[in-house]
Structures are given as C-alpha cells and as structure tokens.
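Trainee: Could you take a close look at the buried interior of this model for me, and then place it in the rest of the chain? I would like the cut-offs along the way.

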Amino acid sequence: MFNFLKNILRKKVVVRFAPSPTGELHIGGARTAFFNYLFAKHNGGKFLLRIEDTDRERYVEGSVERIIKSLAWLGLNPENAGKIMVQSERLNIYKKYAFELVEKGNAYVCICSKEKLAADQEAQMKAGKPPMYAGYCREAGIKISEVEGKKSYVVRMKMPKSGKIIVDDLIRGRVEFDASLIDDQVLLKSDGYPTYHLANIIDDHEMGITHVIRAEEWLPSTPKHKILYKMFGWQEPQFAHLPMILAPDKSKLSKRHGATGVFEYKNLGYLPEAILNFIGLLGWHPKEDREFLSLKEMIKEFSLDRVQKSGAIFDVKKLNWLNSEHIKKASVTELKHSLADIFGHEFIKKDLIDKLIFLSKERMEKLSDFKEMNEFFFNLPSYEKSMLVWKNSSLEKSLENLKLVLEKISGVEESDFKKSKLEKIVMPLADERGRGDVLWPLRVSLSGKDKSPGPFDIMDILGKQETIRRINVALEKLK
RNA sequence: GGUCCCAUCGUCUAGUGGCAGGACAUAUCCCUCUCACGGAUAAAACACGGGUUCGACUCCCGUUGGGACUACCA
C-alpha cells in the first residue's frame with residue numbers, strides 16, 4: 001500500500017532508446033536499450049524509441065526497420081511503436097529553438113569557413129593546445145536575418161567562459177568539469193540539420209524523459225547538455241552513464257572481433273532470452289548469486305545502483321553456457337519457432353521434428369547445431385566396421401551381440417517399439433553380456449557415429465523398420 | 001597533448017574498515033556404451049607505492065595501466 005502511494009506521488013519514469021540508423025543494432029546498443037527497458041519496467045514507467053538520423057552522410061537505408069525488428073526479436077518493444085519520433089522530420093522545430101537561443105543571447109550565428117576552422121585546429125594541436133573554436137563570431141552579433149537563405153552559417157552555443165559544471169551521475173556519482181575547457185558546440189549545422197546535442201535535449205524535453213540512460217561515451221558531453229537545459233529554462237533529467245562493452249582485447253567491440261549485430265546472433269542459433277540474460281549481466285548483477293535469469297526476474301531485480309562502473313568484456317563462452325541453459329528450459333514449441341528462423345519453415349515440418357527437438361534440447365549449445373546433430377536420423381553415415389568394436393573388445397563379440405539384440409527386438413510389435421519397452425528387453429541382455437559390448441555396437445550401428453544420443457532414444461525415433469535395416473547394415477559389415 | 005571515467009581469479013562479478021565468495025572457461029575424478037547432462041575436487045585475483053587506522057581489497061593521495069571524449073558524427 002505504501003509503495004502504491006509512493007508510485008502515485010513520484011513522477012512516472014520515462015526513458016528512451018535513441019539509436020542512429022547507421023547500420024545494424026549492435027550488442028552495445030542492445031545493452032543500452034535493455035537497461036533502459038529494465039529500468040522502465042522495474043519502475044512501472046515507459047520505454048520509448050527515437051531515431052536520431054541527423055547525420056545524412058552516415059545514414060544507412062533500411063536500418064531503422066532493422067533496428068526495430070532487432071528490438072522486437074529481443075522482446076524490447078517500445079511503447080510508442082506506432083509513432084516513433086524521427087528527428088529528420090522535426091527540422092523546423094530544432095531551427096526554431098536554435099533561433100530562440102540566438103535571440104536570447106545564449107547562442108550565436110557563426111560564418112567561419114570549414115577550411116579556416118580546420119587550419120586553426122591543426123595549429124592548436126601543433127602548439128600542444130586543446131583544439132577549440134577561436135570565437136571569431138562569438139561577439140559579432142550576426143543576425144539570423146542577415147544569413148538565413150543568403151549564406152552558409154551554423155549556430156553555436158555560447159558556453160560559459162568560467163566556472164565548474166557538476167554532473168550528478170546515477171552510476172558514477174559527482175563528476176566535475178571545467179566550463180572554460182568546453183568548446184562552443186555547433187547546435188545547428190549549415191545543412192539545416194541539428195547536431196546531436198541540440199536535437200537530443202529538445203526531444204528528451206518534449207518526450208518528458210525523466211532518466212537519460214546511455215553509454216559512457218556521452219559523459220564528456222553531458223555538461224554541454226546541462227547548460228542547454230539551463231538556457232532553455234527546462235528541468236533536466238537524471239543521467240546514468242553505462243560502462244562500455246569491450247572486445248576480449250579490451251578494445252571497443254567492432255566487426256573485426258566477429259559478430260556484433262544482434263541479428264547475427266539470431267542466425268548463429270542464440271535464443272533472445274539468452275542474449276538478454278547475458279548482456280544484462282554485462283555491467284549488472286542481481287543481489288543474490290544467481291546468473292541464469294529470466295526477463296521477469298531481471299525486471300524485478302534491476303536497479304541502477306548495482307550497475308558496474310568499469311567496462312565489461314564480451315565473453316562468448318559464457319553466452320554459450322547461458323544459451324544452452326535457456327535451450328534446456330525452453331519448450332519444444334518455442335524452439336521450433338526459433339529453428340524455423342534459422343533453417344526455414346519447411347525444415348520444421350519434417351516428420352519427427354518434435355521428438356528430435358525434445359531429444360536435442362539437452363545437448364545443444366546453439367540452435368544452429370541442430371541440423372548437423374540430427375542429420376544421422378535421416379541418412380545413415382558411412383562408417384568403418386572397426387568403429388563397431390567397443391574399446392578392446394572384438395569384431396566377433398559385436399557380431400554376436402548385435403545378432404542377439406536383433407532377435408530380441410524383432411519380436412517387439414511396431415506399435416510397442418518405444419524407448420521404455422526396448423530398454424526392458426535389451427538391458428537384461430546388456431547386463432548379462434557386458435553393457436559396453438552390447439550397447440556400443442548397437443548405438444554405432446544405429447547412428448553411424450562414435451558420439452550420439454543413447455541407442456534407445458535413437459530406436460524410438462527411427463522406428464522398427466529402419467532400426468532393423470541399420471542393424472542389418474552393421475551385420476553385413478561384420479560378416 | 002588536454003579533460004573525464006575506470007582498475008578483485010583468463011572472463012563476468014560478490015564485497016561499503018575485520019578469514020577475498022560465486023558463475024563461465026580450464027584440469028582431474030565420479031556417473032556412464034559414446035557425447036552431452038549432472039555431481040565432486042583443484043588451480044586461479046584485490047595493478048603498484050605512500051598515507052589514515054589497532055586493522056585497508058574497502059577511505060585519501062600519487063604512480064602505472066586501460067578506456068572514452070576532445071567534429072558542421074552520434
């Protein structure tokens with residue numbers, strides 16, 4: 001009851017994931033999206049999506065759709081799905097706000113050429129100084145009306161020349177920046193598009209974002225954002241900067257380290273539950289020592305104060321373990337859907353698919369293993385007759401025992417040809433004549449492989465006719 | 001170069017001043033017809049140097065190392 005009241009009194013949590021459509025949704029982005037999602041769900045708040053497509057050069061056709069689909073596959077559906085905010089559709093709004101800042105004297109029109117700026121920058125670097133805008137236009141008082149529609153210009157924010165800017169980060173605590181070291185950031189580009197900094201805070205304000213949870217790389221530009229909030233007179237959200245996800249060599253995760261796109265993991269045979277479990281654990285940990293977690297459990301346990309400050313290396317081995325655990329826990333129906341994603345819908349229509357999935361569930365690390373793992377059920381591989389011999393046993397013994405097994409199971413009715421029945425019939429023989437000497441040749445004759453599931457599982461799936469055929473193939477070899 | 005962030009087994013992490021614990025991976029053993037599962041055991045870490053303290057992985061300072069940022073990219 002108390003919590004209920006507290007929730008009413010507290011401002012409702014609203015968070016957003018704001019990717020740039022420059023390609024696939026990668027692992028790092030997915031983790032940022034996920035932590036936002038967890039935070040929203042844990043607090044009964046909203047998780048929204050916004051597309052930050054203000055860089056026309058890096059824009060990749062179709063990536064908005066890919067990102068939305070990737071999120072959907074993970075189960076992280078934003079609540080504004082039907083009306084996602086897209087920055088490129090709001091150019092006039094950003095312009096209006098930028099002009100407003102110019103009028104108030106918080107920003108100014110800058111007509112310096114890119115060449116001049118680049119030359120300045122180089123000179124400053126050579127002199128060992130931080131490269132910053134020299135401020136030619138800062139006090140020039142150029143009016144919008146002088147340039148708008150007439151010449152190329154940008155709008156720059158007027159950063160304070162002195163003082164400290166304090167960022168109170170929910171994960172990192174108090175971080176102090178020296179205002180004089182922060183450049184007069186461009187807010188409106190000469191192509192009329194806003195920069196990230198402008199569009200970001202206008203949109204966060206308009207969407208009512210209460211908590212900005214984003215990657216660590218944004219921490220150094222947070223003071224600019226704070227100043228911008230102040231200039232507009234808006235209440236700023238709370239900030240939380242997530243640690244980076246790193247490659248095994250501690251560098252930034254990139255293509256050269258293998259799969260980085262979320263969809264690549266889908267095709268590689270990972271379950272979304274496993275991916276979420278794994279990326280959830282990258283930089284966060286529940287209070288108790290549990291690591292195999294469902295989405296529900298993570299939502300229940302999540303809190304920002306348990307988020308790590310240091311970067312976490314993406315270790316695929318742990319992902320594999322988590323994936324195998326989630327495969328074991330998943331139902332045959334769920335796995336069938338995921339298998340269809342990888343191998344196509346025709347594939348899962350095969351006879352016996354349910355039985356095969358049920359059997360493979362316990363031994364698969366990735367769903368992509370499924371096909372190869374079960375290939376022998378459809379086509380008996382060719383094998384050497386020496387493989388039919390268990391350890392130091394002999395060809396004669398294998399021949400003898402296989403004959404005896406064949407005799408026994410030939411008596412079993414087709415309808416009765418099930419694992420439990422077959423076990424009852426064959427096991428006494430195996431116990432009598434040595435388990436290895438009976439079961440090993442039996443299993444090899446059925447699978448044609450040195451490694452496989454147990455013989456009774458295989459016979460159950462193969463059926464009486466095929467079982468007998470395969471044993472006869474082995475007997476032929478042994479003659 | 002400057003600014004900022006970070007630092008516990010190979011990896012993910014627990015730890016908030018009092019014996020450094022768990023998980024993945026690795027190795028060995030048990031279970032077992034094989035593989036997988038499961039069970040047990042082992043090896044494995046507080047980057048370094050000062051300070052504060054009866055006592056420091058923990059607090060402070062410095063060093064080293066790693067990372068991010070320093071764009072009309074996000």
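Mentor: Happy to: I will begin with conventions and the overall chain, go on to the interior, and end with some loops and the RNA side.

This is a predicted model, in which local features need pLDDT of at least 70 and side-chain atom pairs count only at pLDDT 80 or more, while totals for chains, interfaces and linings use all residues. Residues are numbered from 1 along each chain as its sequence is written, and chains are lettered from A and ligands numbered from 1 in the order in which they are written.

Let us start with the frame. Chain A has 19 helices and 12 strands; these are DSSP runs numbered from the N terminus, helices being H or I of at least four residues and strands E of at least two. The C-alpha trace of chain A spans about 100 × 60 × 40 Å along its principal axes. Its radius of gyration is 32 Å, whereas a compact globule of 479 residues would have one near 23 Å (taken over C-alpha atoms, with the globule rule being 2.2 Å times the number of residues to the power 0.38). Chain A is divided into domain 1 (262-375) and domain 2 (380-478), with bounds from an automatic or database domain assignment. The centres of domain 1 and domain 2, taken over C-alpha atoms, are 34 Å apart.

Now to the interior itself. Of the 479 residues of chain A, 33% count as buried. A residue is buried if 20 or more other C-beta atoms lie within 10 Å of its own, exposed if 12 or fewer, and partly exposed in between, with C-beta atoms placed from the backbone. As background, nonpolar side chains tend to be buried together in soluble globular proteins. A nonpolar core here is a set of buried Ala, Val, Leu, Ile, Met, Phe, Trp, Tyr and Cys residues joined through C-beta atoms within 7 Å.

The largest such core has 79 residues, and A30, F34, F39, I275 and I279 have the most contacts inside it. Helix α2 (residues 27-42) contributes the most to this core, with 9 residues. Both domain 1 (262-375) and domain 2 (380-478) give residues to this core, so it lies between them. Apart from it lies another core, of 23 residues, among them L101, V154, M159 and L188.

F39 is a good residue to zoom in on. Beyond its neighbours within four places in sequence, F39 is in contact with V13, V15, H211, I213, F302 and L304, contact meaning C-beta atoms, placed from the backbone, within 7 Å. For the chain overall, among contacts between residues at least 6 apart in sequence, 76% join residues at least 24 apart.

Helix α8 (residues 222-232) offers another buried stretch: T222, P223, K224, H225, I227 and L228 are buried there. Their cover includes β5 (154-157), β6 (164-169), β7, α7 (196-207) and β10 (238-242). After α8 comes G233, whose phi is positive, near 75°.

The loops give a useful contrast. T260 sits in the loop between β11 and α9, and T260 is buried, with 22 other C-beta atoms within 10 Å. T260 touches H26, I27, L253, S254 and K255, not counting residues up to four places away in sequence. The C-alpha atoms of T260 and G28 are separated by 8.3 Å, although these residues are 232 apart along the chain. K250 is also found in the loop between β11 (245-246) and α9 (262-267), but K250 is exposed, with 9 other C-beta atoms within 10 Å. The phi of K250 is near 70°, a positive value in a residue other than glycine. For context, most residues other than glycine have a negative phi.

Y383 lies in the loop between α15 and α16 and, with 18 C-beta neighbours inside 10 Å, counts as partly exposed. Leaving aside neighbours within four places in sequence, Y383 is in contact with V444 and G448.

Finally, the RNA side. Around RNA strand B there are 62 residues, the closest being E52, D55, S190, S310 and G454; a residue is near the strand if its C-beta atom, placed from the backbone, lies within 6 Å of it. Helix α18 gives the most to this surface, with 5 residues.

Conventions: Contact = placed C-beta atoms within 7 Å.
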